[in-house]
Amino acid sequence: MCWLRAVSQISVIFLACTNGGQPSYRSQPIYGNKQRYYGNQQYYYVKPLQPEYKCIEKNLQYDCVFYNVHIDMQSQDVYFGFDDITLNNQKNVTFKNSTMRKLPAASLASFRQVEVLNLNGLQIEEIDTNAFAYAHTIQKLYMGFNAIRYLPPHVFQNVPSLTVLVLERNDLTSLPRGIFHNTPKLTMLSMSNNNLERIEDETFQATTTLQNLQLSSNRLTHVDLALIPSLFHVNVSYNLLSTLAIPIAVEELDASHNSINAVRGPVNMELTILKLQHNNLTDTAWLLNYPGLVEVDLSYNELEKIMYRYFVKMQRLERLYVSNNRLVALNLYGQPIPTLKVLDLSHNHLLHVERNQPQFDRLENLYLDHNSIVTLNLSTSHTLKNLKLSHNDWDCNSLRALFINVAQPVVDDADQHCKIDYQLEHGL
C-alpha cells in the first residue's frame, strides 16, 4: 500500500519503456471516495504499480514481439498493449527472452485481432480458464515446449476460428471431456511428447475437419482413430497401443514402436504409407483392406510367413520392409506384385526362396542377408540394382550359377568370416 500527497490534479505516472520492451508501470485506477485526512492534509489511496508490456518491435514473421516479459504464479493484473486500443491491432504475436509460469486471465484482452499467437518455450505451467476469453480471431496457437500439466475444461471455448493447435512437449496426462467441442475448424493438432494415457472416444466428436494429428511419444493405451474420419496424416508412434484402428481416409499413418497385435478398420483406398515397425503383429490378413499402399514397414514384428494372397489387390506397392521378423516362409510367386521395387527380408529364418524368382526379377533392391538361404535363382533379365546376400548358408554351386547372371557391383555386401567347414565364394 502506498500513499501519495494530493496535488491539484492526480497524475498517472508512466516509466518509459526501454531496452526493446522492458515493462513500464502505471498506477491502477483510484478507488472511489478513498480520501483520507490527517490533520489538514488530504491523501488518496492508489493501488501498487502494475506492469505494462507494450508491443514496440516486429520482425519478418511477427508484427508484434514482446521482450522480457516475466510472469510468475503470483503475478496479477498484468497489462499488455497501449491504452489506445486502436494501436493494438497486431495479428501475429510472439514473445522473446520471456518466462510466463502462469498464463493469466485475459492475457491479451487488448488485442482483438490476433490470428497467430506463439507461446512456445515460455515455461508455462498453468493456464487460467479465461486466458483466451478474447481470442475469437486466433487461428494458430502454439504452446509447445512448456510444462503445462492440465488444461482447464473450457479454456478453448472462445476460439472458434482455431485451425492449428500445438501442445507438444508438455506434461499433459489427460484431456478434459469436451475440451475441443468449441473448435470445429481445428485441422492440425500436435500433442506429441506428453504423458497422455488415454484419448476418450468422444474427444474429437466436434472436430469434423481435423486432418493432421500428432500423438507420438506419449503413454497411450487407447485411441480409436477410426472415430476421426477426416484424418489424413497421423502419428501415434512410441506409445503403448495394442490395437490400431485405421481411419477411412487417412493417407499416411505412423504407428511404429507400440505393442500392436491387431489392426482393424474399414476399407481405405487412400492409405499410401503405413509404418508398423516394432510391434507384435503375427499376421498380414488385414492388408486386404488397404490396396492403395505404396510403402509398408512391418519390420521388427512376429511374422512367420508372407503370403501373396494378402497382396493380390495391391497395384501401387513399391516398398515392403519385413526385416527382423520370424519368417520361415515366403510366398510371392503366385503372381508378382508388378510395382514392387524394394523388398527387405533381412534378419529372418528363410531357407527356401528360389520359387520367388518371378518377384525377385522385377525388383530394384532386394535384401536377403542374415537368413539361412541355400540357393537363389535370378534370370538374365532381372532388374536388380542392389542385392544383399551375406550371412546365409549358400551352396557353392548355386552361388556360381547365380553370379553368371548377377554382375558383381550389384552385390554390395560380403561376409568377413566363414563358419566352420564353410569357404568363401564370391565373398560369401
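Which residues lie nearest the centre of the largest cavity? In this predicted model, the residues nearest that centre are Leu 108, Ala 131, Tyr 134, Ala 135 and Ile 138, which belong to a lining of 14 residues. The space in the largest cavity amounts to about 90 Å³. Its lining is made up of 12 nonpolar residues and 2 polar residues, with no charged residue among them.

The count of cavities of 30 Å³ or more comes to 3. The second largest of these has a volume of about 60 Å³. Its lining consists of Ile 199, Glu 200, Asp 201, Phe 204, Val 223, Asp 224, Leu 227 and Ile 228. In the second largest cavity, 5 of the lining residues are nonpolar and 3 are charged, while none is polar. Charged residues are thus present in the lining of the second largest cavity, whereas the lining of the largest cavity has no charged residues.

The protein chain as a whole comprises 428 residues, of which 47% count as buried. Its secondary structure contains 2 helices and 29 strands. Among contacts between residues at least 6 apart in sequence, 40% join residues that are at least 24 apart.

One position may be described in greater detail. Gln 90 occupies the loop between strand S8, residues 79-80, and strand S9, residues 92-96. With a relative accessible area of 10%, Gln 90 is classed as buried, because this value falls under the cut-off of 20%. A polar atom of the Gln 90 side chain lies 3.4 Å from the backbone oxygen of Leu 87. When residues up to four places away in sequence are left out, Gln 90 touches Cys 55, Asp 63, Cys 64, Phe 111, Gln 113 and Val 114. The surroundings of this buried glutamine therefore include residues on either side of it in the numbering, such as Cys 55 and Val 114.

The confidence of the prediction was also examined. The average pLDDT of the protein chain is 86, and 83% of the residues score at least 70. Two segments have lower scores: pLDDT stays under 50 over residues 1-21, and pLDDT likewise stays under 50 over residues 26-38. For residues 1-21, the model has 35 contacts beyond four places in sequence. For residues 26-38, the corresponding number is 34. Where pLDDT is low, the predicted coordinates should not be read in detail.

Technical notes
Residues numbered from 1 in each chain as written. Predicted model: local features only at pLDDT ≥ 70, side-chain atom pairs only at ≥ 80, totals over all residues. Heavy atoms only, no water. Helix = DSSP H or I, 4+ residues; strand = E, 2+ residues; numbered from the N terminus. Buried < 20%, exposed > 50% of the residue type's maximum accessible area, 1.4 Å probe, protein only. Polar contact = N/O pair within 3.5 Å; in protein donor to acceptor, adjacent residues only side chain to side chain. Contact = heavy atoms within 4.5 Å. pLDDT = per-residue confidence, 0-100. 1 Å grid on protein atoms, 1.4 Å probe; cavity = no way out; pocket = protein on both sides within 12 Å on 5 of 7 lines; lining within 4 Å. Points joined across faces, edges and corners; volume = space filled by probe spheres on them. Nonpolar A, V, L, I, M, F, W, Y, C, P; charged D, E, K, R; others polar.
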